[in-house]
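Here are my notes on this model, as numbered points. Please keep the structure open while you read.

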Amino acid sequence: MAHFLIRGAASAQSAPALRVRVPFTPRFAMSTVTTPSAPKVGFVSLGCPKALVDSERILTQLRMEGYEVVATYEDADVVVVNTCGFIDTAKAESLEVIGEAIKENGKVIVTGCMGVDASVIRNVHPSVLSVTGPQQYEQVVNAVHDVVPPRKDHNPLIDLVPPQGVKLTPRHYAYLKISEGCNHSCSFCIIPSMRGKLVSRPVGDVLDEAKRLVKSGVKELLVISQDTSAYGVDVKYRTGFWDGQPV
């Protein structure tokens, strides 16, 4: 399953478009003011909703720094591929998309679950510029900086990103990730080896994000994590205060 920030249809004469397999309405993706000299990024997000949230966080940071997100490989200064490594078919799809991006653009940064074992990716595609695992947002952004630095004269007051950040879901719903990882060691599941042990987000942070999303017009919040029922186990169900109320 692939999600793309900008939908683009390619004709026989046009540049190849970043592949779209799941239709959606992108929100807050494009710059409100298009700047010809702004650095441009293509982004391919593969896999589950948790990976999609990772993509949203990376894209939000890039948009805050003045990067524009484009629909075709040809228009991009660099392409980021957020991979999935859960099952063999997902790994094959990730390698295929990386190869497509290299062929059409040449400058490719890889992140996501499959990036946990960089050698698997580099053995097939040795020309990738960077490989990182999931949740390594800062490393991905730094890798983009290395290829195409942000504009020094970028004014964040002109190219605003709303409080809820970039969202890749339709306007009426959004994913709300409450934790990362899983403490179980099921023999049939590879998730803990890719995403690590359970780390619950502070309850105040979760509620703050939920409030921003509702304020932006979201009608349905889909709570997600690797093990939703285990939320809080790692912090011994520590309580706190939010908006002046105990939670």
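1. Aromatic pair. The structure holds one aromatic pair (ring centres of Phe, Tyr or Trp, the last by its six-membered ring, within 6.5 Å). The partners are Tyr173 and Tyr175, with 5.9 Å centre to centre and 80° between the planes. That makes the pair edge-to-face, because planes over 60 degrees apart take that label, those under 30 count as stacked and the rest as tilted. Tyr175 is buried at 12% relative accessibility (buried is under 20%, exposed over 50%, partly exposed in between; 1.4 Å probe, protein chains only).

2. Basis of the values. This is a predicted model, in which local features need pLDDT of at least 70 and side-chain atom pairs count only at pLDDT 80 or more, while totals for chains, interfaces and linings use all residues. Residues are numbered from 1 along each chain as its sequence is written, and side-chain values use heavy atoms, with hydrogens and water left out.

3. Overall make-up. The protein chain has six helices and 12 strands (DSSP runs numbered from the N terminus: H or I of at least four residues for helices, E of at least two for strands). The chain has 247 residues, and 47% of them count as buried. Take the contacts (heavy atoms within 4.5 Å) with a separation of 6 or more: residues 24 or more positions apart account for 73% of them. The chain exposes about 12200 Å² (Shrake-Rupley method, 1.4 Å probe). Carbon and sulfur atoms supply 57% of that area.

4. Salt bridges. How many salt bridges does the rule give? The count is eight (a side-chain nitrogen of Lys or Arg within 4 Å of a carboxyl oxygen of Asp or Glu). One of them joins Lys177 to Asp54, with the closest N and O atoms 2.7 Å apart. Lys177 sits in strand 7 (residues 173-177) and Asp54 in helix 1 (residues 49-64), so this bridge ties together parts 123 residues apart in sequence. Lys177 is buried at 1% relative accessibility. Asp54 is buried too, at 3%.

5. Second partner of Asp54. Asp54 also forms a salt bridge with Arg195, and here the closest N and O atoms are 2.9 Å apart. The link runs from helix 1 to helix 5 (residues 191-195), with the two residues 141 apart. Arg195 has a relative accessible area of 6% and is buried.

6. The network. Arg195 pairs with Glu180 as well, at 3.2 Å between the closest N and O atoms. Glu180 is in strand 8 (residues 179-180), 15 residues from Arg195 in helix 5. Both Arg195 and Glu180 are buried. Shared partners join Asp54, Lys177, Glu180 and Arg195 into one network of salt bridges.

7. Positive phi. Most residues other than glycine have a negative phi. Two residues deserve a look here. Gln135 has a phi near 70°. Gln135 lies in the loop between strand 6 (130-131) and helix 4 (137-147). Its relative accessible area is 28%, so Gln135 is partly exposed. Asp243 has a phi near 55°, again a positive value in a residue other than glycine. The loop that holds Asp243 runs between strand 11 (241-242) and strand 12 (245-246). Buried or exposed, which is Asp243? Asp243 is exposed, with a relative accessible area of 57%.
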